[in-house]
Amino acid sequence: MTTTASKSIIVLVPGHWLGAWAWDDVLSHLKTDHPSATAVTLPGLDPDDPDRAEKTLEDQAAAVLDVFARHGVSEAQPAVIVAHSGANFPVSLVLDRHPELVGRVVWVDSGPVAAGSTFAPDLPEDAAEFPLPSFDILAQQASIEGLSAEVLERFRARAVPEPGPVLRQPAELMNDARRMIPTTLVCCSIPGAQVLELARTGHPMFAEVATLEHLDVVDLPTGHWPMWSRPRDLARAIAAAAFPAG
């Protein structure tokens, strides 16, 4: 795998219900030393797109690859891709389709998915989309530690329902080269040691981590949305992972 150079682009991909705006606080810190860093709004998460509920995982992966193309990403100059939470499905497709274009992947409270896995296999076929749940329900599924009332209000106001096809589509992964890409886990709501133990024991959410050939683990204790609870520290962790000293 090509070594990532300091001028490589950093592409930030937000999780469910979120657009590029979710990374604004992180980018404000990251761009000081890495001006090429950019964030993407995945297809289906643009509130102004009348066809957004029809978008698929393939559409989302293609959008990331379009960002690569616009910024001149190549095998000689690969990108660093940062994926938060549910962005792991489209980003796993990107790694599978074009591992040569990625110098490092940074999973933020997330991780790679296994071939054939589906985010919400029980979501009814007639459900066009899945809106942001109440915060009481969300807190049972993912930690909201560190998020102020103001942040939660913004989250609610700007959240876009996740397209049904994205949640129901299985991840078609066939290229083992995706497992050779240097990888960093930024562990927030679950400590890194626990993630590795769950991976070792074959927990379906983390089993794919055990297949990675080049893995670093960074603990950043906070809730599931560190881009809001600890943006400066997350920016530092991303930069350190993307461009390690020495």
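The largest nonpolar core of this predicted model has 39 residues. Inside this core, I10, L12, W23, F155 and W228 make the most contacts. Many elements feed it. At least two residues each come from β1 (10-13), α1 (24-30), β3 (79-84), β4 (102-108), α4, α5 (149-158), α8 (226-229) and α9 (231-242). Helix α9 gives the most, with 6 residues. In soluble globular proteins, nonpolar side chains tend to be buried together.

Take L12 as a way in. Setting aside neighbours within four places in sequence, L12 is in contact with W23, V26, L27 and L30. Its contacts also include T38, A39 and V40, along with V82 and I238. There is also a second, separate core, with 37 residues. I81, A87, F89 and V195 are among its members.

Next, look at the loop between α4 and α5, where L147 is found. Is L147 buried or exposed? L147 has a relative accessible area of 11%, so this residue counts as buried. Beyond residues up to four places away in sequence, L147 touches L152, W225, W228 and S229. H224 lies 77 residues from L147 in sequence, yet their C-alpha atoms are 9.6 Å apart in space.

H224 also leads to the largest pocket. The volume of this pocket is about 1,000 Å³. Its lining has 40 residues, and S85, N88, F119, M205 and H224 are the closest to its centre. By class, the lining has 24 nonpolar residues, 14 polar ones and 2 charged ones. Helices α3 (88-97) and α4 (135-141) and strand β7 (183-187) each supply at least two lining residues. Which element gives the most to the lining? Strand β7 does, with 3 residues.

Strand β7 brings us to helix α7, residues 192-200. The buried residues of α7 are covered in part by β7 and β8 (215-219). In this helix, G192, V195 and A199 are buried. Viewed down the helix axis, the buried residues of α7 fall within an arc of 60 degrees, so they line one face. An α-helix has 3.6 residues a turn, so residues three or four places apart point the same way. V195 is also part of the second core. On the face of α7 turned away from the buried side sit the exposed residues A193 and R200. Just after this helix, G202 takes a positive phi of about 85 degrees.

Conventions. Residues numbered from 1 in each chain as written. Predicted model: local features only at pLDDT ≥ 70, side-chain atom pairs only at ≥ 80, totals over all residues. Heavy atoms only, no water. 1 Å grid on protein atoms, 1.4 Å probe; cavity = no way out; pocket = protein on both sides within 12 Å on 5 of 7 lines; lining within 4 Å. Points joined across faces, edges and corners; volume = space filled by probe spheres on them. Helix = DSSP H or I, 4+ residues; strand = E, 2+ residues; numbered from the N terminus. Nonpolar A, V, L, I, M, F, W, Y, C, P; charged D, E, K, R; others polar. Core = buried A, V, L, I, M, F, W, Y, C linked by side-chain atoms within 4.5 Å. Buried < 20%, exposed > 50% of the residue type's maximum accessible area, 1.4 Å probe, protein only. Contact = heavy atoms within 4.5 Å. Arc of directions from axis to C-beta.
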